[in-house]
Amino acid sequence: MMNKYTKKCAFFMFLAAALLQACEPNRTTHSGSDTFDSGKAQFAADESFAPIIEQEEYVFKSRHADANPTFLYRSENQAINMLLNDSVRMAVLARNLDTVERNVLIKRGLSVEVQRFAIDAVALIVNHASNDTTITVSILKKMLNGQGDPNKTIVFDNPNSSLVRYLKEFSGNKEFKQKNIYALKSNKEVIKYVSEHPDALGITGFSWLNDPGKDIAAYVDNVKIVSVKDEASKEYSGQYFKPSQESLVLKQYPLSRGLYLVNSSSKIGLAIGFATFLGSDVGQRIILRSGLLPDSIPPREIILKSK
């Protein structure tokens, strides 16, 4: 059952798509017979969020037997390029489009609908044998700028990922050229590397740690999450926090990023169907169970029975 917010979103998305189709019949559209809850369509998704998108996709398909969306997991740069090059009409990203990117789609006669559906934490992990259990924001920034212990290896996923972009913006560093800071190929490789190297600090998305797949569960068991303190915080400058739904909703944990669904399909098809599902009560509860913070926290229903 959808809440009022989701119903309004779904209504306006329906209305916008319908008007675009009716008023501009000569616009460029992807061929296909997909509808709101049936047919085939390909979408791009930031590979950092594969765990949660795979869960959402599974439940969506189980509820709509005739729907067959396919998600192509790519780096952030690749996913955005696929959207701008018209290879796909919907993408799951860790940021909104900028003005230039948005204008590329608008000039093509497409609508641009952006929906934030969750908040993810950027987690810092170390080997279980490590004595490092806490870190401050200022020290992390210094480490990313090459001012930390040169014997401490810092690893994260591939160079074109949303996480690397986030870390560059966070540290004010345009490039990570230090020998002890380097990118691997994926979040799974980061977790595996840290589990095998006591002097490593890994940076990864929280969703990979909270509900790991069988292929990395053993590696996750051999790492621990580092608590982070933001000295510049007005309310929590003296406290360390680990990523959790509580620390995210209270804005205590300082390393977080939004998850966005960017839809330029300009039709009432699977893109709008999946977007509506993500924002629905069921879609948001899946995010809640995953350990991430849903954009709209589903209400808890309490039934009181009189004796």
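## Lysine 168 and its partner

Lysine 168 is partly exposed, with a relative accessible area of 23%, in what is a predicted model of the structure. Its side chain forms a salt bridge with glutamate 175, in which the closest N and O atoms are 3.9 Å apart, a distance that still qualifies because the cut-off for such a pair is 4 Å. Glutamate 175 likewise falls in the partly exposed class, with a relative accessible area of 44%.

## The chain as a whole

The protein chain contains 12 helices and 12 strands, and of its 307 residues 50% count as buried. About 15,400 Å² of the chain is exposed, and carbon and sulfur atoms supply 51% of that area. When contacts between residues at least 6 apart in sequence are considered, 75% of them join residues at least 24 apart.

## Salt bridges

A search of the whole structure finds 15 salt bridges. One of them pairs lysine 267 with aspartate 34, with a separation of 2.8 Å between the closest N and O atoms. Lysine 267 belongs to the loop between β11 (256-263) and α11, whereas aspartate 34 belongs to the loop between α1 (4-23) and β1 (39-46), so this salt bridge ties together parts of the chain that are 233 residues apart in sequence. Lysine 267 counts as buried at 12% relative accessibility, and aspartate 34 is buried with a relative accessible area of 12%; both assignments follow because buried means under 20% relative accessible area.

Another salt bridge lies within a helix: the side chains of arginine 285 and aspartate 281 meet with an N to O distance of 2.8 Å. These two residues are four apart in helix α12, and therefore about one helical turn separates arginine 285 from aspartate 281. Arginine 285 counts as partly exposed at 26% relative accessibility, while aspartate 281 is buried, with a relative accessible area of 16%. Elsewhere, salt bridges that share partners join Glu76, Arg95, Glu101, Arg165 and Glu169 into one network.

## Helix α11 and its contact with α12

Helix α11 (residues 270-279) and helix α12 (residues 281-290) have axes that come within 4 Å and cross at roughly 60 degrees. The two helices are therefore oblique to each other. On the α11 side the contact is made by Phe277, Leu278 and Gly279, and on the α12 side by Asp281, Val282, Gly283, Gln284 and Ile286. Aspartate 281 thus appears in this helix contact as well as in the salt bridge with arginine 285.

As for its surroundings, 10 of the 10 residues of α11 are buried, so this helix is largely enclosed by the rest of the structure. The buried residues of α11 include Leu270, Ile272, Phe274 and Thr276, and among them are also Phe277, Leu278 and Gly279, which take part in the contact with α12.

## Two further helix pairs

Helix α5 (residues 137-144) and helix α6 (residues 162-171) pack at an angle of about 110 degrees, and their axes are 9 Å apart. This angle makes α5 roughly perpendicular to α6. In the contact, Val137, Leu140, Lys141 and Leu144 of α5 meet Leu167, Phe170 and Ser171 of α6.

Helix α3 (residues 76-84) and helix α4 (residues 99-107) pack at an angle of about 30 degrees, with their axes 10 Å apart. These helices are therefore roughly parallel to each other, since angles under 35 degrees count in that class. Ile80, Leu83 and Leu84 of α3 make the contact with Glu101, Val104 and Leu105 of α4. Glu101 is also one of the residues joined in the salt-bridge network described above.

## Around helix α10

Valine 249 is found in helix α10 (residues 245-249) and counts as partly exposed at 43% relative accessibility. Together with Leu250 and Ile297, Val249 makes a nonpolar surface patch of about 250 Å².

Glutamine 252 has its place in the loop between α10 and β11, and at 14% relative accessibility this residue counts as buried. Leaving aside residues up to four places away in sequence, glutamine 252 touches Tyr236, Phe241, Glu246 and Ser247.

How values were computed:
Residues are numbered from 1 along each chain as its sequence is written. This is a predicted model: local features need pLDDT of at least 70, side-chain atom pairs count only at pLDDT 80 or more; totals for chains, interfaces and linings use all residues. Side-chain values use heavy atoms; hydrogens and water are left out. Patches are made of residues with over 30% relative accessible area and no salt bridge: like charges are joined within 9 Å, nonpolar side chains (Val, Leu, Ile, Met, Phe, Trp, Tyr) within 5 Å. Accessible areas come from the Shrake-Rupley method with a 1.4 Å probe; for residues, only the protein chains shown count as cover. Buried means under 20% relative accessible area, exposed over 50%, partly exposed in between (1.4 Å probe, protein chains only). Axes are lines fitted to C-alpha atoms, for helices over the stretch in contact, and angles run from 0 to 180 degrees between N-to-C directions. Angles under 35 degrees count as roughly parallel, over 145 as roughly antiparallel, 65 to 115 as roughly perpendicular and the rest as oblique. Contact means heavy atoms within 4.5 Å.
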